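Subject: Structure for you to look at

Hello,

Here is the structure I said I would pass on. Please open it beside this message and follow along; my notes come after it.

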Amino acid sequence: MNQRSEGKRPTLGVAAILLAAGIVSACTNTQDVLEPSAITPPVATSSTTPDASPSPGQPAPVPSTTAQSAALISSARVQIAPIVGTSVEAATSLSERLSSRARERGIRMVGSADPAATLMLKGYFTPLVEGKETTVIYVWDVYDPTGNRVHRISGQQKSASAGGEGWAAVPAASMQAIGNATMDQLAAWIGGRSG
């Protein structure tokens, strides 16, 4: 029988991280939900129709040209649903970076009430603090205008802890890195869809 020494904290194993990711991906609770459009103003855009999308689990077809990929990306109108699980500070940093990275990648963001949205991102987040390291596990479900999930973006961002517990330990740079990775992956996926 194994005994742990007094005062020594067990390390967080891979199973705990996978469990947290499972909890995050299955989250349906609206408690602690933050509305990104309340943090950053929506950008006015024109209407467009959604592109056909591959079935979930199927690889996205590769566009024949860079121009075709750019056209698919620029025709997307993305709205961000309320973010689940973050603090106001973390959501603010994330929302600001999502908006600026979307502009850099040619993706148009629309407000939560804009009927021109062709895609909606719904994000779930969990911070894990272990000693001097913090890991944010995140999942973004991508929905079409009819409410069908058409894609999922997930990952984790590790960094040195900013001190404190929970979201207080997550540095703004971590949330900004998640914003960059999210928009880069979204742009790659949109650009790979057939028009």
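The chain has four helices and seven strands. Starting at the N terminus, their order is α-β-α-β-β-α-β-β-β-β-α. Please keep in mind that this is a predicted model. The chain has 195 residues, of which 39% count as buried. Among the contacts with a separation of 6 or more, 73% are between residues 24 or more positions apart.

Helix α3

I began with helix α3, which covers residues 88–105. How does the span of α3 compare with what its 18 residues should give? At 1.5 Å a residue the expected span is 26 Å, and the end C-alpha atoms are 25 Å apart, which agrees. After α3 comes G106, which has a positive phi, near 80 degrees.

The buried residues of α3 are A90, A91, S93, L94, S95, R97, L98, S99, S100, R101 and A102. R97 is worth a look on screen. Is R97 buried or exposed? Its relative accessible area is 19%, and the cut-off for buried is under 20%, so R97 counts as buried. The side chain of R97 makes a polar contact with the side chain of S100, at 2.7 Å. Setting aside residues up to four places away in sequence, R97 touches E104, Q176, G179 and N180.

Where α3 meets α4

Two packed helices are described by the angle between their axes and the distance between the axes. For α3 and helix α4 (residues 172–192), the angle is about 35 degrees and the axes are 8 Å apart. The crossing of these two helices, α3 and α4, is right-handed.

Which residues of α3 meet α4? They are A90, S93, L94, R97, L98, R101, A102 and R105. On the α4 side, the residues met are A172, M175, Q176, I178, G179, N180, T182, M183, D184, A187 and A188. R97 is thus found on both counts: R97 is buried, and R97 is one of the α3 residues that meet α4.

The aromatic rings

A pair of aromatic rings is described by the distance of the centres and the angle of the planes. How many aromatic pairs are there? The count comes to two.

One is formed by F125 and Y138: the ring centres are 6.2 Å apart and the planes are at 20 degrees, so the pair is stacked. F125 lies in strand β5 (residues 119–130) and Y138 in strand β6 (residues 133–143), so this pair ties together parts that are 13 residues apart in sequence. F125 is buried, at 4% relative accessibility. Y138 is also buried, with a relative accessible area of 4%.

The other pair is F125 with W140. Here the ring centres are 5.4 Å apart and the planes are at 85 degrees, so the pair is edge-to-face. W140 is in strand β6 and F125 in strand β5, so the pair ties together parts that are 15 residues apart in sequence. W140 is at 0% relative accessibility and counts as buried. F125, Y138 and W140 form one aromatic cluster.

D141 in strand β6

D141 also lies in strand β6. D141 is buried, with a relative accessible area of 3%. What does the side chain of D141 make a polar contact with? The partner is the side chain of R152, at 2.6 Å. Leaving out neighbours within four places in sequence, D141 is in contact with M120, L121, K122, Y124, R149, H151 and R152. S154 is 13 residues from D141 along the chain, and the C-alpha atoms of the two are separated by 8.5 Å.

V84 in strand β3

The last residue on my list is V84, which lies in strand β3 (residues 83–84). V84 is buried, with a relative accessible area of 6%. How far apart are V84 and G123 in sequence, and how far in space? In sequence they are 39 residues apart, and in space they are 6.1 Å apart, C-alpha to C-alpha.

If you want an order for viewing, take α3 with α4, then the rings, then D141 and V84.

Regards

Definitions and conventions: Residues numbered from 1 in each chain as written. Predicted model: local features only at pLDDT ≥ 70, side-chain atom pairs only at ≥ 80, totals over all residues. Heavy atoms only, no water. Buried < 20%, exposed > 50% of the residue type's maximum accessible area, 1.4 Å probe, protein only. Polar contact = N/O pair within 3.5 Å; in protein donor to acceptor, adjacent residues only side chain to side chain. Contact = heavy atoms within 4.5 Å. Phe/Tyr/Trp six-rings, centres within 6.5 Å; stacked < 30°, edge-to-face > 60°. Expected span 1.5 Å × (residues − 1). Axes fitted to C-alpha atoms, helices over the stretch in contact; angles between N-to-C directions. Left-handed = near helix turned anticlockwise from the far one by under 90°.
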